[in-house]
Amino acid sequence: MAADAQQTPQQQLDEQLRSFEAALPDVADEPGLYELQVRFLGKNGAVTKLRRLMGKVPPSERKELGKAFNRVKQAMETHLATRAGELAAAARERDLARRVDLTFIPDPPRPGTLHPITQTRRELERVFRRLGFDVADGPHVEAELYSFDKLNILPDHPARDMQDTFFIERPTHLDHADAPALVLRPHTSPVQARTMLQHGAPVRIVAPGTTFRRDDDATHSPMFHQIEGLYVDRNVTMADLKATLYAFVEAFFGRGLGVRFRPSYFPFVEPGAEFDMQCPFCFDGQLSHGCGLCKQSGWIELGGSGMVHPAVFEHCGIDSSVYTGWAFGFGIDRMAMLRHGIPHLRHNFEGDLRVLEQFTSP
Ligand code: FA5
């Protein structure tokens, strides 16, 4: 009820108390109670506002008004405390009335597992970290500059051909001269260039990650994974490369498998070599006799390697008369297949739970 301007301040106070008492039974919870308190006793509450009238009444009436104000305020506070007690008791009753079936066993949680390629990548990182390598990363959408130019892959090299690489259209709103030419990186080797340009020498990193090519057959997929290795320092030789890769194969596959290098050409290394290891599936402790997986050859190709080409050093700001280094780039997918006995590359990427659930995370 609105306060009547003709009423005395005491009458107005009593009026407020009555409307407070009328509203109280409708309050159903603590926030409601708080709201009511604020409405009447808060800084701008109805009762607080009336208190401001004190200054306007004749001094002789002030004492009486003060008493009336305190009486109303106290009454409201007592009501609030009583109602708060009732609400708490009702909440407790509701709580006690709840029935909980303590014998109920919910479905056990079904934790997911790491994809076999993720497991393999993490295991590779662990092995190379123990050999003293840092782990580096690079973007999947990469500049042609790092994917090719810095790596001494000349503009007419077949790897730049549309057959191999996914080129990304330049944004039309940018001036063509300014827009960087972008590709989905066809190998992890751009991380070599990025790392050398950023950190200089010496450097010792591996860079595992996703790579993309316009490939699609039984043993090649458009998206696959590689791990790059790069070691640059004074007096680094091919012997270091061989020793590191021996140690890696031993730590990753175990069982004393042999390795071999076959001369090969990559524009960013000189000399360059393919790196093979004995097939672990048909290995008898000494020889791999040949099986379906190694196409009866007894050897499995892991990828390319070699001594970093002086031109690459030059493009990446490293003095090739002071530093030498080696690099490698291996396919991770095949390593995952070898480690987990996965017969087909495609199984890795079909997202079939019947396959994936067989590889529980370690
Ligand atoms: C390269 O990509 C070089 N960047 C490797 C390198 C690095 C050489 C540093 C020297 C120094 P290559 O194209 O051979 O090399 O690929 C390396 C490995 O990646 C292959 O042996 C294979 O295991 C894997 N690979 C390549 N293409 C595919 C594909 N489409 N699907 C699955 N694996 C692939």
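This report walks through a predicted model, from its biggest pocket to a few odd spots in the backbone.

**The pocket**

Let's start with the empty space. Rolling a probe the size of a water molecule over the atoms shows where such space is left. In this model the largest pocket holds about 1,300 Å³. Its lining is made up of 47 residues, and the ones nearest the centre are His220, Glu301, Leu302, Gly303 and Arg334. If you want to click on something to find the pocket, those five are a good place to begin.

What is the chemical mix of the lining? It splits into 21 nonpolar, 17 polar and 9 charged residues. Several elements supply at least two lining residues each: strands S6, S8 (269-278), S9 (299-308) and S10, plus helix H10 (332-340). Which strand gives the most? That is S9, with 7 residues.

**Strand S9 and its partners**

S9 deserves a look of its own. Besides giving the most to the pocket lining, S9 is mostly covered, with 8 of its 10 residues buried. S9 pairs with S8 through 8 bridges, and the two run antiparallel. Within that pairing, Asp276 sits opposite Glu301 of S9, and Glu301 is also one of the residues nearest the centre of the largest pocket. S9 also pairs with S10, again in the antiparallel sense, over 5 bridges. There, Met307 has Trp326 in S10 as its bridge partner.

**A small open sheet**

Now for another piece of strand pairing. Strands of a sheet pair through backbone hydrogen bonds, either parallel or antiparallel. Here 3 strands form an open sheet in the order S2-S4-S3, with antiparallel pairing. S2 and S3 (166-168) stand at the edges with a single partner strand each, so one side of each has no neighbour in the sheet. On average, neighbouring strands of this sheet are turned by 40° against each other, direction ignored. S3 and S4 (residues 182-184) are joined by 3 bridges, and Phe167 has Val183 in S4 as its bridge partner.

**Helix H7 and what comes after**

Helix H7 covers residues 190-199, and its buried residues are Pro190, Val191, Gln192, Ala193, Thr195 and Met196. What do these buried residues pack against? The list takes in four strands and two helices by name: S2 (141-143), S5 (203-212), S6 (223-233) and S10 (324-331), along with H6 (144-147) and H9 (310-315). So S2 turns up twice in this report, once as an edge strand of the open sheet and once as a packing partner of H7.

Right after H7 comes Gly200, with a positive phi near 70°. A little further on there is a cis peptide bond, from Ala201 to Pro202, with omega near -5°. Pro202 lies in the loop between H7 and S5.

**Backbone oddities**

The bond from Glu270 to Pro271 is cis too, with omega near 0°. Pro271 is in strand S8, which also supplies lining residues to the largest pocket.

Two asparagines have a positive phi, and here they are side by side.

| Residue | Phi | Place | Relative accessible area |
|---|---|---|---|
| Asn152 | near 70° | loop between H6 and S3 | 17% |
| Asn235 | near 60° | loop between S6 and H8 (238-253) | 70% |

Are these two buried or exposed? Buried means under 20% relative accessible area, so Asn152 at 17% counts as buried. Exposed means over 50%, so Asn235 at 70% counts as exposed.

**One last glycine**

Gly341 lies in the loop between H10 and helix H11 (353-356). With 41% relative accessibility, Gly341 falls between the 20% and 50% limits, so it counts as partly exposed. Which residues does Gly341 touch, leaving out those up to four places away in sequence? The contacts are Phe281 and Ala336. Phe281 is 60 residues away from Gly341 in sequence, yet their C-alpha atoms are 8.6 Å apart in space.

Key
Residues are numbered from 1 along each chain as its sequence is written. This is a predicted model: local features need pLDDT of at least 70, side-chain atom pairs count only at pLDDT 80 or more; totals for chains, interfaces and linings use all residues. Side-chain values use heavy atoms; hydrogens and water are left out. Buried means under 20% relative accessible area, exposed over 50%, partly exposed in between (1.4 Å probe, protein chains only). Contact means heavy atoms within 4.5 Å. On a 1 Å grid over the protein atoms alone, a cavity is a set of points where a 1.4 Å probe fits but cannot get out, and a pocket is an open set with protein on both sides within 12 Å along at least five of seven lines; lining residues have an atom within 4 Å of a point. Grid points are joined across faces, edges and corners, and a volume is the space filled by probe spheres set on the points. Ala, Val, Leu, Ile, Met, Phe, Trp, Tyr, Cys and Pro count as nonpolar, Asp, Glu, Lys and Arg as charged, and the others, Gly among them, as polar. Two strands pair if DSSP finds at least two bridges between them. Axes are lines fitted to C-alpha atoms, for helices over the stretch in contact, and angles run from 0 to 180 degrees between N-to-C directions.
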